[in-house]
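Me: I have a model open in front of me and would like a close look at a single part of it. Please take the sheet and say what surrounds it.

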Amino acid sequence: MTMTVVESWIEKPLERFVRDAGVELALLLHPSGQVLAQHGFARAVDVMSACALAAGIHATAGELGRMLNGRPFRGLHHAGRTRQVFLAEAAWPRGTYIFLTVFGPDSSLGLVRLYFDELAAGLVAAAPAELPSAAPALEGNFERDLNRNLAVLFGRA
Amino acid sequence: MASPFGAVLDSVIRVRGVRAAIVASERDGIVVDAILQIGQSGDRVAALAAALYRKARLSAGAAGMGAVSFMQLEAPHGRICAVGGGELVLIVVAESSVNVGLVRVELLRAAGALTAAGGAAE
């Protein structure tokens, strides 16, 4: 399985997370649904679908948390029969990002949570100081940016 | 609400040299109940030790050795011991000088209580 990233500084922390936590799939994306890095996906269309769903789940869970608790829920875990999904928010100076990972019986929720905290810290440490702040995606640019990122990840740039 | 594992943890933490006792889910590595000292990261130890115990149990099964009863990890500055009961695992962090025999007896005694509370393992 290969890992691909839109920005190179993301690669090392994400690679370490995948190795240590033993996950099958990993996806880092902007809350708008634009992909930044992926591990384990074979097709661009799968990444696009996973990003759209993850962004939707994140937005829904955030709103639900605000309604019930006065503040957004930041993490979500779903345990299937053989595979589990973990979705959480990672914040670093550039803004907030969504992290989605899928793991099987070789890992556990405890390990994923443990190494997710390390991933979030690793991304903060690795992020270049001169990065611009993450601006909200504009409708006009969204598809262009999405296609550009997918092309970078799947070697069609 | 009091945890059903209070008595189990109390009996283990009383052994001289035991620094932490944790009941965690074997599958998830999530802490169910614990007695920790200030500064100890129960979540971290539970996640890693439960994963280790699970792999040891699966390895023993694959090698046709039967069920794992007691697992011990020896490191330069201490020991980690664990027993499983149902879907739970009881993890002990102890000093190197701890009486391992006593820890083992207490953990094996506790395994019955874990099985009663934790249901059957996979």
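Reply: What follows looks at the sheet of chain B, then at its surroundings and at the other chain.

The model is predicted. Chain B has three helices and five strands. Read from the N terminus, these elements come in the order α-β-β-α-β-β-β-α.

The five strands form an open sheet in the order 2-1-5-4-3, and the pairing is antiparallel. Strand 2 (31–35) and strand 3 (71–75) of chain B are at the edges; each has a single partner strand, so one side of each lacks a neighbour in the sheet. On average, neighbouring strands of this sheet are turned by 15 degrees against each other, direction ignored. In general, the strands of a sheet pair through backbone hydrogen bonds, either parallel or antiparallel.

One pair of strands can be followed in detail. Strand 3 of chain B is joined by five bridges to strand 4 (residues 78–85) of chain B, and the two run antiparallel. Within this pairing, B:Glu74 has B:Arg79 in strand 4 as its bridge partner.

Two helices of chain B pack on the sheet. Helix 1 (residues 6–13) of chain B touches strand 1 (18–25), strand 2 and strand 5 (88–94) of chain B. The direction of helix 1 makes about 150 degrees with that of strand 1 of chain B. Helix 2 (residues 42–62) of chain B touches strand 1, strand 2, strand 3, strand 4 and strand 5 of chain B. Its direction makes about 65 degrees with that of strand 1 of chain B.

Before helix 1 of chain B comes a segment that holds B:Pro4. B:Pro4 has 15 other C-beta atoms within 10 Å, and therefore counts as partly exposed, since a buried residue needs 20 or more and an exposed one has 12 or fewer. B:Pro4 is 110 residues away from B:Leu114 in sequence, yet their C-alpha atoms are 9.4 Å apart in space.

Now the chain as a whole. Of the 122 residues in chain B, 39% are buried. Among contacts in chain B with a separation of 6 or more, 55% are between residues 24 or more positions apart. The C-alpha atoms of chain B fill a box of roughly 40 × 40 × 25 Å along the principal axes. A compact globule of 122 residues would have a radius of gyration near 14 Å; the value for chain B is 13 Å, which agrees.

Helix 2 of chain B also leads to the other chain. The buried residues of helix 3 of chain A pack against helix 2 of chain B, together with helix 1 (11–21), strand 5 (84–92) and strand 6 (95–103) of chain A. Among these buried residues are A:Leu111, A:Tyr115, A:Leu119 and A:Leu123. Helix 3 (residues 109–126) of chain A has 18 residues, which should span 26 Å at 1.5 Å a residue; its end C-alpha atoms are 25 Å apart, which agrees.

Between the two chains, ten residues of chain B are in contact with five residues of chain A. The side of chain B that touches chain A has five nonpolar, one polar and four charged residues.

Chain A itself has four helices and six strands, in the order β-α-β-β-α-β-β-β-α-α from the N terminus. Of its 157 residues, 34% count as buried.

Terms used:
Residues are numbered from 1 along each chain as its sequence is written. Chains are lettered from A and ligands numbered from 1 in the order in which they are written. This is a predicted model: local features need pLDDT of at least 70, side-chain atom pairs count only at pLDDT 80 or more; totals for chains, interfaces and linings use all residues. Two residues are in contact if their C-beta atoms, placed from the backbone, lie within 7 Å. Ala, Val, Leu, Ile, Met, Phe, Trp, Tyr, Cys and Pro count as nonpolar, Asp, Glu, Lys and Arg as charged, and the others, Gly among them, as polar. Two strands pair if DSSP finds at least two bridges between them. Axes are lines fitted to C-alpha atoms, for helices over the stretch in contact, and angles run from 0 to 180 degrees between N-to-C directions. The expected span of a helix is 1.5 Å times one less than its number of residues. The radius of gyration is taken over C-alpha atoms; the globule rule is 2.2 Å times the number of residues to the power 0.38.
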